[in-house]
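User: I've got a model open and I'd like to learn how to read it feature by feature. Could you walk me through it?

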Amino acid sequence: MGRRVWILACDSNKPIGGVLQLYRLAEILNSLDYQSSIVVNTDNFTPSWFSSSVSSISYDRLRSLPLHSSSDLLIIP
């Protein structure tokens, strides 16, 4: 199993300091062959004020996944 990185962020359709940087971090991690996703309140949330190809997952869906301490990393900004 590859290394998975989960980054907590908020659902916001207006610019909030730091949110864009979290998405950029996820994009960089994905380019380095990590599996990185943004964790938000709503399933399939996509910000409207910038474009990103990073996948998102809801808090509820993340809680239902089996997480492993050896392969999963949760980033809480």
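Analyst: Happy to. Keep in mind that this is a predicted model. Let's begin with charged pairs: the structure holds three salt bridges.

User: Which residues pair up with arginine 4 and arginine 63 in salt bridges?

Analyst: When reading a salt bridge, check the N to O distance, then where the partners sit. Arginine 4 meets aspartate 72, at 2.6 Å from N to O. That pair links distant parts of the chain, with arginine 4 in strand β1 and aspartate 72 in strand β4, 68 residues apart. Arginine 63 bridges to aspartate 60, their closest N and O atoms being 3.1 Å apart. Those two are three residues apart in helix α2, so about one helical turn separates them.

User: Are these partners buried or exposed?

Analyst: Look at relative accessible area: under 20% is buried, over 50% is exposed. Arginine 4 counts as buried because its value is 13%, and aspartate 72 is buried at 13% too. Arginine 63 and aspartate 60, on the other hand, are exposed.

User: And what about aspartate 43?

Analyst: Aspartate 43 has a salt bridge with arginine 61, at 3.4 Å from N to O. Aspartate 43 is in the loop between β2 and β3 while arginine 61 is in helix α2, so the bridge ties together parts 18 residues apart in sequence. Both are partly exposed, aspartate 43 at 35% and arginine 61 at 40%.

User: How do I read a helix, then? Which residues of α1 are buried?

Analyst: An α-helix has 3.6 residues a turn, so residues three or four places apart point the same way. In α1, the buried ones are Val19, Leu22, Tyr23, Ala26 and Leu29. Seen down the axis, they fall within an arc of 120°, so they line one face of α1. Their cover includes β1 and β2. As for length, α1 has 13 residues and reaches 19 Å from first C-alpha to last, close to the expected 18 Å.

User: What follows α1?

Analyst: Backbone angles are worth a look here. Aspartate 33 comes after α1, and its phi is near 70°, a positive value in a residue other than glycine. Aspartate 33 lies in the loop between α1 and β2 and counts as exposed, at 73% relative accessibility.

User: Where is tyrosine 34, and is it part of any surface feature?

Analyst: Tyrosine 34 is in that loop between α1 and β2 as well. With Ile28 and Leu32, Tyr34 forms a nonpolar surface patch of about 300 Å² of accessible area together. Tyrosine 34 itself counts as partly exposed, at 35%.

Conventions. Residues numbered from 1 in each chain as written. Predicted model: local features only at pLDDT ≥ 70, side-chain atom pairs only at ≥ 80, totals over all residues. Heavy atoms only, no water. Helix = DSSP H or I, 4+ residues; strand = E, 2+ residues; numbered from the N terminus. Expected span 1.5 Å × (residues − 1). Buried < 20%, exposed > 50% of the residue type's maximum accessible area, 1.4 Å probe, protein only. Arc of directions from axis to C-beta. Contact = heavy atoms within 4.5 Å. Patch = residues over 30% accessible without salt bridge, like charges linked within 9 Å, V, L, I, M, F, W, Y side chains within 5 Å. Areas by Shrake-Rupley, 256 points an atom, 1.4 Å probe, with all protein chains shown as cover. Salt bridge = Lys/Arg side-chain N within 4 Å of Asp/Glu carboxyl O.
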